[in-house]
Amino acid sequence: MLIDTHCHLYDEAFQPDFEAVLARAREAGMEACVMPGIDRSSHDALLAVADALPDFAFPCIGLHPTSVGETWQEELDFVKAHLGDRRWYAVGEIGLDEYWSKDFVKEQIRVLEEQVVLAAEADLPVIIHLREATDDFFRVLADLRGVSFRGVMHAWSGSYETCRRLLALGDFRFGIGGVVTYKNAGVAKAMEKMSLQDILLETDCPWLTPVPFRGKRNEPSYVRLVAEKIAQIKQIPLEEVATATTSNARALFKL
Ligand code: NI
């Protein structure tokens, strides 16, 4: 059985054929998914799916770095106000993204740090989105020394060396998705050395579609293609990848 630890199942891309998407996910062996939040605009849609599929789709709350703009304070207050509403499975996705924009980097850093502290206080893992901001992220980790938190580096595409550096600083897992199937992907090389104990499967659907469907909509069932690719790289049976990553996901998110 497989767990997709980063699944935007509530995205409008899945509205037209939601039931079929779900059927294919179950058929592919998917037994659960973790749904990261983004901001206020998708909060209700996320909860609607979580309530409709209570044993399958596990909700998270967080403010995504690309949603940190003029209204960042209201957005952050919204997370704080709703953290006690119900059982959440992570604070995320949160992080730094200097690829889309550098206009609010200072605010992104502050919002990230506050949310990591919130997660630590609530004993929830964090889901970290990091894009072209590795140096700033290491500065954040230095600022947060003494805060005890655990989490996943989502859509991991870094080197084995960066992976080791992070493991030395914190309780991290690495979310492996469609990128591992791309030609010449650095993460495929890193995967040869990474321990199965440190990785989780994810799709980030509807984005980051794996080969051979790259360019089309991504969907939860494709988590199996990611697992198959990892098995191929590490030359181990698919079952071994499934068993390890599922147990890693259950332990991290307390599913
Ligand atoms: Ni995402």
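Start by selecting Leu9 in this predicted model and show whatever touches it. Beyond the residues up to four places away in sequence, you should find Phe14, Phe18, Val21, Leu22, Cys33, Met35, Val49, Leu53, Phe56, Ala57 and Pro220.

Now widen the view to the core around it. Leu9 belongs to the largest nonpolar core, which has 76 residues. Along with Ile176 and Met194, Leu9 ranks among those with the most contacts inside that core. Colour helix H8, residues 223–234, next: with six residues, helix H8 gives the most to this core. Then pick out Ala32, Phe58, Tyr89 and Leu252, which are among the 13 residues of a second, separate core.

**The nickel site**

Select the nickel ion and its protein donors. They are His6 and His8, each through NE2, Glu93 through OE and Asp204 through OD. Distances from these donors to the nickel ion run from 2.1 to 2.5 Å. What is the geometry of the site? The site is irregular, with angles of 85 to 176° among the four donor atoms. If you like to search by pattern, the spacing of the donor residues in sequence is H-x1-H-x84-E-x110-D.

Keep His6 and Glu93 on screen for a moment. This pair links distant parts of the chain, 87 residues apart. His6 sits in the loop between strand S1 (2–4) and helix H1 (18–27), while Glu93 is in strand S4 (residues 91–97). Are His6 and Glu93 buried or exposed? Both are buried.

**The largest pocket**

From the donor Asp204 you can step straight to the largest pocket, since you already have that residue selected. The pocket holds about 720 Å³ of space. Its lining counts 26 residues, and the closest to the centre are His129, Arg131, Ala155, Asp204 and Leu208. To see which elements give two or more residues to the lining, colour S4, strand S5 (126–131), helix H5 (134–143) and helix H6 (160–169).

**Last stop: Lys80**

Finish by selecting Lys80 in helix H3, residues 72–82. Is Lys80 buried, partly exposed or exposed? Its relative accessibility is 36%, so Lys80 counts as partly exposed, because that class lies between the under 20% of buried and the over 50% of exposed. Leaving out neighbours within four places in sequence, Lys80 is in contact with Glu114 and Leu118. For a final distance label, join the C-alpha atoms of Lys80 and Leu167: they are separated by 28 Å, and the two residues are 87 apart along the chain.

Notes
Residues are numbered from 1 along each chain as its sequence is written. This is a predicted model: local features need pLDDT of at least 70, side-chain atom pairs count only at pLDDT 80 or more; totals for chains, interfaces and linings use all residues. Side-chain values use heavy atoms; hydrogens and water are left out. A nonpolar core is a set of buried Ala, Val, Leu, Ile, Met, Phe, Trp, Tyr and Cys residues joined through side-chain atoms within 4.5 Å. Buried means under 20% relative accessible area, exposed over 50%, partly exposed in between (1.4 Å probe, protein chains only). Helices (H or I, at least four residues) and strands (E, at least two) are DSSP runs, numbered from the N terminus. Contact means heavy atoms within 4.5 Å. Donors are N, O and S atoms within 2.8 Å of the metal (3.2 Å for Na, K and Ca); water is not among the atoms, so sites may look incomplete. Four donors count as tetrahedral if all angles lie between 85 and 135 degrees; four count as square planar and six as octahedral if opposite donors are over 155 degrees apart and all others between 65 and 115; anything else is irregular. On a 1 Å grid over the protein atoms alone, a cavity is a set of points where a 1.4 Å probe fits but cannot get out, and a pocket is an open set with protein on both sides within 12 Å along at least five of seven lines; lining residues have an atom within 4 Å of a point. Grid points are joined across faces, edges and corners, and a volume is the space filled by probe spheres set on the points.
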